[in-house]
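Dear colleague,

I am handing over the structure below, together with an account of what was found in it. Please keep it open beside this message while you read.

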Number of protein chains: 2
Amino acid sequence: MARAATTSDPFNAVGDPQRRQIMVSLARGEASVSTLVGVVGLPQPAVSRHLAVLRQVDLVRCRASGRQRLYRLNEPALEPIHQWLGTFAALWNDRLDRVDTILQEEEP
Amino acid sequence: MARAATTSDPFNAVGDPQRRQIMVSLARGEASVSTLVGVVGLPQPAVSRHLAVLRQVDLVRCRASGRQRLYRLNEPALEPIHQWLGTFAALWNDRLDRVDTILQEEEP
DNA sequence: TTGACACATATCGATATCGCTATATAGTGG
DNA sequence: CCACTATATAGCGATATCGATATGTGTCAA
């Protein structure tokens, strides 16, 4: 059994620098494929391929707008990574728990 | 230019499930290679290889103890991943900032 | 309808990565 | 010194992944 496919494992999907760059770019808001081609220095098919990978792990979603496709982040799909990181930051998580409690008390 | 090597990019290094499992296991504390072989269901050379990868990106460190080598996590090496995630969690970060403030006020 | 534009998909060669098997290195006990 | 244990490294075949090129699909505009 080798590494889980990039198209099924968000960790692996995010293992590629170009895909991370695309995601950072999308953090600013929706963008068309051609816009992203301008951001990343890759030919359009390569970008479309990366977007397809990110779509399959649900890290990005897209909607049609005329002949363009506007891609946007799907932040909730980052949850597995957040959780995994949380495994190592017990101290940090403790603080977060306290935060939740405190914030809930603050604005009920 | 393809994907950065697993031995140089922590994101890619962590893209492998077995390596993540090893890291989760190490979150409990130091462990020898043979212990980790028991945890992950892989032959010893495979585990040593994974550990070598994690060592090269400084995600784990090891010390000799007799004929064993005890591996442990090096949490600070997770910082790049934390930061990258932070890019997308603006809302979350806002809450964290508030937490810091609140906690500082609580216990000066 | 025809042509141009925006994007997706298919295919290919080069490279990376995985787990496996065999072997090398190093510390320990007799 | 010699076996034994614990771990690292080397080489191999199978598979995955990347970027590039070529082509398919769908939308708009004239």
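In chain B of this model, which is a predicted one, strands S2 and S3 form a hairpin with 2 residues between them, and B:Gly66, which sits in the turn, has a positive phi of about 65 degrees. The two strands of this hairpin, S2(B) and S3(B), the latter covering residues 68–73, pair in the antiparallel sense over 6 bridges. Among the facing residues, B:Ser65 has B:Gln68 in S3(B) as its bridge partner, while B:Arg63 stands opposite B:Leu70 in S3(B).

The hairpin belongs to an open sheet of 3 strands in chain B, which has the order S1-S3-S2 and antiparallel pairing. Because strand S1 (31–32) and strand S2 (60–65) of chain B each have a single partner strand, they stand at the edges, and one side of each is left without a neighbour in the sheet. On the S1 side, S1(B) and S3(B) pair in the antiparallel sense over 2 bridges, and here B:Ser32 stands opposite B:Leu70 in S3(B). As a general point, strands of a sheet pair through backbone hydrogen bonds, in either a parallel or an antiparallel way.

Two helices of chain B lie across this sheet. Helix H2, residues 17–26, lies across S1, S2 and S3 of chain B and runs at about 90 degrees to S3(B), whereas helix H4, residues 44–56, lies across S2 and S3 of chain B and runs at about 120 degrees to S2(B).

Helix H2 of chain B also contains B:Arg20, a residue worth a look of its own. Is B:Arg20 buried or exposed? Its relative accessible area is 11%, which is under the 20% limit, and therefore B:Arg20 counts as buried. Leaving aside its neighbours within four places in sequence, B:Arg20 is in contact with residues of chain A, namely A:Asp9, A:Phe11 and A:Trp84, and with B:Val14 and B:Gly15 of chain B.

Turning to chain A, 3 strands form an open sheet there in the order S1-S3-S2, with antiparallel pairing. Strand S1 (31–32) and strand S2 (60–65) of chain A stand at the edges, each with a single partner strand, so one side of each has no neighbour in the sheet. S1(A) and S3(A) pair in the antiparallel sense over 2 bridges, and in S3(A) the bridge partner of A:Ala31 is A:Tyr71. As for the helices, H2(A) lies across S1, S2 and S3 of chain A, running at about 90 degrees to S3(A), while H4(A) lies across S2 and S3 of chain A at about 120 degrees to S2(A).

The model also holds DNA, and I take strand C before strand D. Of the 26 residues around DNA strand C, those that come nearest are A:Ser48, A:Tyr71, B:Arg19, B:Pro43 and B:His50. Of the atoms of DNA strand C within 4 Å of the protein, 72% belong to sugar or phosphate and the rest to bases. A polar backbone atom of A:Ser34 is 2.9 Å from a phosphate oxygen of DNA strand C, and a backbone N or O atom of B:Thr6 lies 2.8 Å from a phosphate oxygen of that strand, whereas A:Gln44 places a polar side-chain atom 2.7 Å from a base nitrogen. Two or more residues of this surface come from each of helix H3 (33–39), H4 and strand S3 (68–73) of chain A, and from each of H2 and H4 of chain B. The largest share, 4 residues, comes from H4(A). By class, the surface near DNA strand C has 9 nonpolar, 10 polar and 7 charged residues.

Around DNA strand D there are 25 residues, of which A:Arg19, A:Pro43, A:His50, B:Ser48 and B:Tyr71 come nearest. For DNA strand D, 72% of the atoms within 4 Å of the protein belong to sugar or phosphate, and the rest to bases. Phosphate oxygens of DNA strand D lie 2.9 Å from a backbone N or O atom of B:Ser34, 3.5 Å from a backbone N or O atom of B:Arg69, and 3.5 Å from an N or O atom in the side chain of A:Asp16. The residues of the surface near DNA strand D divide into 9 nonpolar, 10 polar and 6 charged.

With best regards

Terms used
Residues numbered from 1 in each chain as written. Chains lettered and ligands numbered in written order. Predicted model: local features only at pLDDT ≥ 70, side-chain atom pairs only at ≥ 80, totals over all residues. Heavy atoms only, no water. Pairing = 2+ DSSP bridges. Contact = heavy atoms within 4.5 Å. Axes fitted to C-alpha atoms, helices over the stretch in contact; angles between N-to-C directions. Near = heavy atom within 4 Å. Polar contact = N/O pair within 3.5 Å; in protein donor to acceptor, adjacent residues only side chain to side chain. Nonpolar A, V, L, I, M, F, W, Y, C, P; charged D, E, K, R; others polar. Buried < 20%, exposed > 50% of the residue type's maximum accessible area, 1.4 Å probe, protein only.
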